[in-house]
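Biologist: Please take a close look at a single helix of this model and then set that helix against the rest of the chain. I would welcome each term with its cut-offs.

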Amino acid sequence: MRFVATLRAALRTCSEPQQIERLLASLSPSEIDALRDDWPTWARPDQLPPDSDWTTWLLLGGRGAGKTRAGAEWVKALALGRLPAAPEAIGRIALVGETYADVRDVMIEGVSGLLSVHRRVDRPSWRSSLRRLEWSNGAIAQVFSSEDPESLRGPQFGAAWADEIAKWRHAEECWDMLQFGLRLGDHPRQMATTTPRPIPLLRRLLSEPGTVVTRASTKANAFNLAPRFLDAVVGRYNGTRLGRQELDGEMIDDRQDALFRRDEIERMRVDKAPPSKRIVVAVDPPATSGRTADACGIVAVGLADDGIGYVLADMSVQGARPTEWAARAIGLYTSLQADCLIAEVNQGGDMVAAIINEVDASVPVKSVRATRGKFIRAEPVAALYQQGRVRHAGAFAALEDELCDFGPDGLSSGRSPDRLDALVWAVTALMLERRGSPKVRRV
């Protein structure tokens, strides 16, 4: 490693591309391989562990900012005992993601995941059936999901990597259980990588004295991103409220004029809904199809015996063809044993019901037609939230972001509030239909 450190220092003294090319041309294949494997040579400062004394390293970044690569390289350095992450190998590490699938697909098998950042000689074995990675030196990384906080009860670790904590289903409970398990070694540490959202857990971590924060924007990683993504996404949202959160990694508070409040949603959230006497799945179809089209809002809401409405699922999808979003909505209807499927027909008229009927003619479909603006239609539903009569059974990050960014002029991004629309139709049909809200007619 002393050789690599010398090369790293030599590269940093090169002021011209030609000097770098000459230096690299003078290296042997094994030296090139060793240099390529040296993350501090290539990482940006925000992707390297802070020098100060910390317990939690919170890396807040935009989409595609290199958060996953930073997390994977940090865990790799811990497991192999490499500086500056660790002077000696950490034997037990926790990997926690939103779901088990996210840990597998992003943190482990992803293009910037743990298997990708290792050289073949150092690469750990992925034991998917046991949900753990095993290094040849005996280090082990175990996989956990935010959907199952109790699985963290018992195991103990010397370090942990928590990814996308702002999207975790049981964020507070899962994080707290992880803290009890960080009890090995002289200085247990954890790294949390996420695109920020103003959730209570993130606010708490930012205020804790043991937290050190680094920030990374999408633009900082432009060299590794597709030009089309930079033009279509970064160009479109740059400077907007949504862009500041999703691209610049800023913590954006709720809009002052937002119709829904995040603190109200958090206060009334439950882990599981009671049995429902009625369940509806509402669909807000996009006017067009393709990758750049609006999302198809698909939201399920149940009504319990006590008159409380519970948001059960958000299966909204972007860029799907009509038969695809119809199949997705019908799948949700079937899995929840819902009473009916509600579809807004302003955009497609009776064609919407025809598409659903084509996929499964046995599904009862009701059509609704908007005669008033979105804000006016959403106001009675927001009033139910304020009264504590609508509660979320779990966390629905994308839906909640949309609700808390919806004001009199719509979303700050200018996009269509498709998830919100589907929610409004579902709650209206279950709880407001008899009180003068838009009539629902059977197709």
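Modeller: The account below begins with the helix and then turns to the chain as a whole, the enclosed spaces and a few loop residues.

This is a predicted model, in which local features need pLDDT of at least 70 and side-chain atom pairs count only at pLDDT 80 or more, whereas totals for chains, interfaces and linings use all residues. Residues are numbered from 1 along each chain as its sequence is written, and side-chain values use heavy atoms, with hydrogens and water left out.

The helix chosen is α15, which covers residues 374-386. Helices (H or I, at least four residues) and strands (E, at least two) are DSSP runs, numbered from the N terminus. With 13 residues, α15 reaches 18 Å from its first C-alpha to its last, close to the 18 Å expected at 1.5 Å a residue; the expected span is 1.5 Å times one less than the number of residues. At Pro380, α15 bends by about 30°, the bend being the angle between axes fitted to the seven residues ending there and the seven starting there.

Phe375, Arg377, Ala378, Val381, Ala382, Leu384 and Tyr385 are the buried residues of α15. Buried means under 20% relative accessible area, exposed over 50%, and partly exposed in between (1.4 Å probe, protein chains only). An α-helix has 3.6 residues a turn, so residues three or four places apart point the same way. The cover over the buried residues of α15 includes the helices α12, α16 and α17 and the strands β11, β14 and β15. Just after α15, Gly388 takes a positive phi of about 75°.

Around this helix, the protein comes to 17 helices and 17 strands. Of its 443 residues, 53% are buried. Contacts (heavy atoms within 4.5 Å) with a separation of 6 or more are, in 69% of cases, between residues 24 or more positions apart.

Elsewhere the model encloses empty space. A cavity is a set of points, on a 1 Å grid over the protein atoms alone, where a 1.4 Å probe fits but cannot get out, and lining residues have an atom within 4 Å of a point. The largest cavity has a volume of about 170 Å³. Of the 18 residues that line it, Trp39, Pro40, Glu73, Ala77 and Leu83 are the closest to its centre. Helix α5 gives the most to this lining, with 5 residues.

Leu83 also begins a cis peptide bond, to Pro84, with omega near 5°. Pro84 is placed in the loop between α5 and β2. Most residues other than glycine have a negative phi, and most peptide bonds are trans.

Two other loop residues have a positive phi although neither is a glycine: Glu164, at about 50°, and Gln337, at about 55°. Glu164 lies in the loop between β6 and α8, and Gln337 lies in the loop between α13 and β12. Glu164 is buried, because its relative accessible area is 18%, whereas Gln337 counts as exposed because its relative accessibility is 70%.

Technical notes:
1 Å grid on protein atoms, 1.4 Å probe; cavity = no way out; pocket = protein on both sides within 12 Å on 5 of 7 lines; lining within 4 Å. Points joined across faces, edges and corners; volume = space filled by probe spheres on them.
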